[in-house]
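Colleague: I'm new to reading structures, and I'd like a close look at how helices pack. Could you walk me through it slowly?

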Amino acid sequence: MKRILILHDLSVGSRRTNRDHVYNFAKYAKGNFYLFHAANAPQSDAMRNIAWDGVIINYCFLGYRASTLYERVRADWAWLVDIDCPKVGIAQDDYTDSGHLDDWLQSIGTTVIYSPVTQSLEQIYPKNYGWTEIREGLTAYVDSKQLTELATFATSWDERTIDVGTRVRYLPPQFGRYGRRKGETAEDFRDSAEQQGFAVDISTSPEDVIFGNDWLRFVGNCKFTLGSRGGSSINDPDGSIRKAISAYMVNHPNAGFAEVERKCFPGVDGEFVFAGISPRLFESAALGTCQILIRDEYVGGIEPYIDYIPMEDDLSNLDEVFTLMRDEAKVKSMIASCHAKLVASKAFDYEKFVAEVLDIFPDGDAVLSDRDVECIHAHFKAIEPFLAIKKQRSNFYERGWRRTLAKMSYGRSLSHANAIFGMDPLLRGSPAFVSAMFQSLPPTLAYELTAQTLAELPPDSPILSSMKALTEWAVDEDKSFEDLDVWWDMCEYIYEPEETQNIDLSGENGPTSEKVMS
């Protein structure tokens with residue numbers, strides 16, 4: 001039995017892939033004690049005093065390195081360095097504020113770093129490189145226990161109504177030309193495929209984003225989808241490039257990429273390329289959708305013409321791509337081969353990844369000690385007021401709030417957002433603020449602001465009533481987002497011992513979460 005502390009920043013609006021990365025440890029390695037703790041939730045001395053065998057720091061937690069709250073969150077968790085156990089950092093988008101990430105992970109004594117980036121790691125992790133073990137960690141894995149459910153989202157081949165479809169987001173300029181590649185490729189391919197008579201549903205518009213299970217249904221209704229490795233061709237160690245771009249865009253909201261590059265980061269783009277594998281590689285394989293991929297190195301030994309249709313970076317072989325798309329026998333052969341390598345092989349199952357990570361930690365006691373049980377009780381008693389507030393707001397906290405913000409147009413004036421950063425939390429939560437954000441604030445900045453705003457509001461604040469009404473409106477307007485009826489507690493534990501242990505972890509002073517298992 002191992003006692004594992006898992007740090008995260010999940011909310012109900014978090015993507016399925018992020019939730020899986022956090023909760024699949026308890027799903028695939030039962031018998032351990034897992035305590036899940038949110039970045040901004042109150043801490044307790046009791047939590048620090050549990051005899052931890054390992055700490056896992058998820059990428060959503062590490063995302064605070066690019067936040068205005070970075071210094072505060074880092075200071076709050078500086079005590080991790082004093083825990084005498086291995087610590088694993090699971091990173092993503094490492095190139096964003098990479099210097100902060102590198103320094104943060106080193107400062108707490110991280111034992112192993114998992115990164116989806118496989119090249120130029122010495123540029124991202126100059127302090128950890130050569131000292132801390134860095135392993136490849138994919139952005140997602142195959143959840144084999146969900147494959148039966150996943151199959152229900154796949155339409156039979158002859159009944160699929162979309163020939164080729166996808167959704168691609170144009171990344172901001174700070175990710176360089178490589179970050180924009182997916183969007184440009186998708187739009188160029190869409191125009192050519194439509195001219196060839198294919199039924200195409202490809203969009204780069206934020207208004208067309210598809211969430212949750214509806215995304216799986218969409219992919220399962222496409223015969224083909226586009227894909228490539230994703231990432232950045234700019235390394236931004238301290239976030240200065242990102243901040244310079246934001247400042248420039250305030251006064252030049254219509255500036256194109258070339259202008260922004262010339263003014264904010266001349267000569268930097270393309271020096272390095274940091275790329276990783278997208279979760280869509282596995283989703284498409286599991287749903288029986290043929291992939292049209294930019295020719296590159298992928299995982300699982302998948303090969304062009306055998307497992308996917310290769311497309312050149314400059315789209316110079318589109319005639320060949322369209323010919324292959326019309327060869328149904330060849331297409332179905334590629335789908336089957338890709339599925340065999342990425343899904344049926346179990347080489348990329350969460351179960352395998354979970355076992356690898358947990359193997360880093362030493363085995364603890366056979367069961368929880370009396371001291372551990374006392375600490376667990378004391379910890380949840382200490383944060384009980386926080387959990388009570390969360391439960392009170394659970395019908396609208398963050399879930400509908402984030403979904404409401406997601407409906408806004410992307411990339412309007414940033415001047416309003418910059419001003420908001422300096423506002424008092426109560427003002428940021430006012431109805432006037434809510435209305436203003438609908439008109440001007442890009443979702444990428446709104447997410448960062450609103451979660452903390454809500455956390456700072458007192459439970460009896462009259463502002464919450466108007467926020468609740470606004471959220472309920474958003475829920476009524478958009479039925480496509482999953483988890484309408486699911487509330488993911490921010491702080492909880494899961495303990496399913498292999499041996500019967502005569503203890504009560506959910507007693508009078510124990511956790512209040514209904515999701516606790518004992």
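Modeller: Sure, and we need one definition to begin with: a helix axis here is a line fitted to the C-alpha atoms over the stretch in contact, and the angle between two axes runs from 0 to 180 degrees between their N-to-C directions. Keep in mind that this is a predicted model.

Let's try that on a pair of helices. Helix 10 covers residues 240-251 and helix 11 covers residues 257-264; their axes are 10 Å apart and the angle between them is about 120 degrees. That angle makes helix 10 oblique to helix 11. The crossing of the two is right-handed. Which residues of helix 10 and helix 11 meet? From helix 10 come Ala244, Ile245, Tyr248 and Met249, and from helix 11 come Glu259, Val260, Lys263 and Cys264. Sort the residues of this contact by class and you get six nonpolar, two charged and no polar ones.

Now look at helix 13, residues 318-325. Its buried residues are Leu318, Val321, Phe322, Leu324 and Met325. How are these buried residues of helix 13 placed when you look down its axis? They fall within an arc of 160 degrees, so they line one face of the helix. A bit of background helps here: an α-helix has 3.6 residues a turn, so residues three or four places apart point the same way. Over on the other side of helix 13 you'll find Asp319 and Thr323, and those are exposed.

What do the buried residues of helix 13 pack against? The partners are strand 7 (162-167), strand 9 (222-227), strand 12 (290-294) and strand 13 (309-311), plus helix 8 (176-195) and helix 14 (328-344).

Helix 8 deserves a visit of its own. The axes of helix 8 and helix 13 cross at roughly 60 degrees and come within 11 Å, which makes helix 8 oblique to helix 13. This crossing is right-handed. Helix 8 brings Phe189, Ser192 and Ala193 to the contact, while helix 13 brings Leu318, Val321, Phe322 and Met325. By class, that contact of helix 8 with helix 13 has six nonpolar residues, one polar and no charged.

While we're on helix 8, check out Glu187, which lies in it. Buried or exposed, or partly so? Glu187 has 22% relative accessibility and therefore counts as partly exposed, since buried means under 20% and exposed means over 50%. Setting aside residues up to four places away in sequence, Glu187 touches Tyr170 and Thr204. Glu187 and Ile202 are 15 residues apart in sequence, with their C-alpha atoms 7.4 Å apart in space.

Next, hop over to helix 14 and find Ser337, which sits in it. At 19% relative accessibility, Ser337 counts as buried. Leaving out its neighbours within four places in sequence, Ser337 is in contact with Ile306 and Asp307.

Another helix to look down is helix 5, residues 98-107, where the buried residues are Ser98, Leu101, Asp102, Trp104 and Leu105. Down the axis of helix 5, these buried residues fall within an arc of 170 degrees, so they line one face of the helix. What covers them includes helix 3 (59-62), helix 4 (70-76), helix 6 (121-124), strand 4 (87-90) and strand 5 (112-115).

The backbone around helix 5 is worth a glance too. Most residues other than glycine have a negative phi. Asp97, in the loop between strand 4 and helix 5, has a phi near 50 degrees, a positive value in a residue other than glycine. Asp97 is also buried, with a relative accessible area of 1%. Just after helix 5 comes Gly109, with a positive phi of about 75 degrees. Ser120, in the loop between strand 5 and helix 6, has a positive phi as well, near 55 degrees.

Let's finish with one more pair. Helix 1 (residues 16-28) packs with helix 15 (residues 350-358) at an angle of about 70 degrees, and their axes are 9 Å apart. That makes helix 1 roughly perpendicular to helix 15. Thr17, Asp20, His21, Asn24, Phe25 and Tyr28 of helix 1 meet Tyr350, Glu351, Phe353, Val354, Val357 and Leu358 of helix 15. This contact of helix 1 with helix 15 has seven nonpolar, three polar and two charged residues.

Definitions and conventions:
Residues are numbered from 1 along each chain as its sequence is written. This is a predicted model: local features need pLDDT of at least 70, side-chain atom pairs count only at pLDDT 80 or more; totals for chains, interfaces and linings use all residues. Side-chain values use heavy atoms; hydrogens and water are left out. Buried means under 20% relative accessible area, exposed over 50%, partly exposed in between (1.4 Å probe, protein chains only). Helices (H or I, at least four residues) and strands (E, at least two) are DSSP runs, numbered from the N terminus. The arc is that of the directions from the helix axis to the C-beta atoms. Contact means heavy atoms within 4.5 Å. Angles under 35 degrees count as roughly parallel, over 145 as roughly antiparallel, 65 to 115 as roughly perpendicular and the rest as oblique. A crossing is left-handed if the near helix is turned anticlockwise from the far one by less than a right angle, and right-handed if clockwise. Ala, Val, Leu, Ile, Met, Phe, Trp, Tyr, Cys and Pro count as nonpolar, Asp, Glu, Lys and Arg as charged, and the others, Gly among them, as polar.
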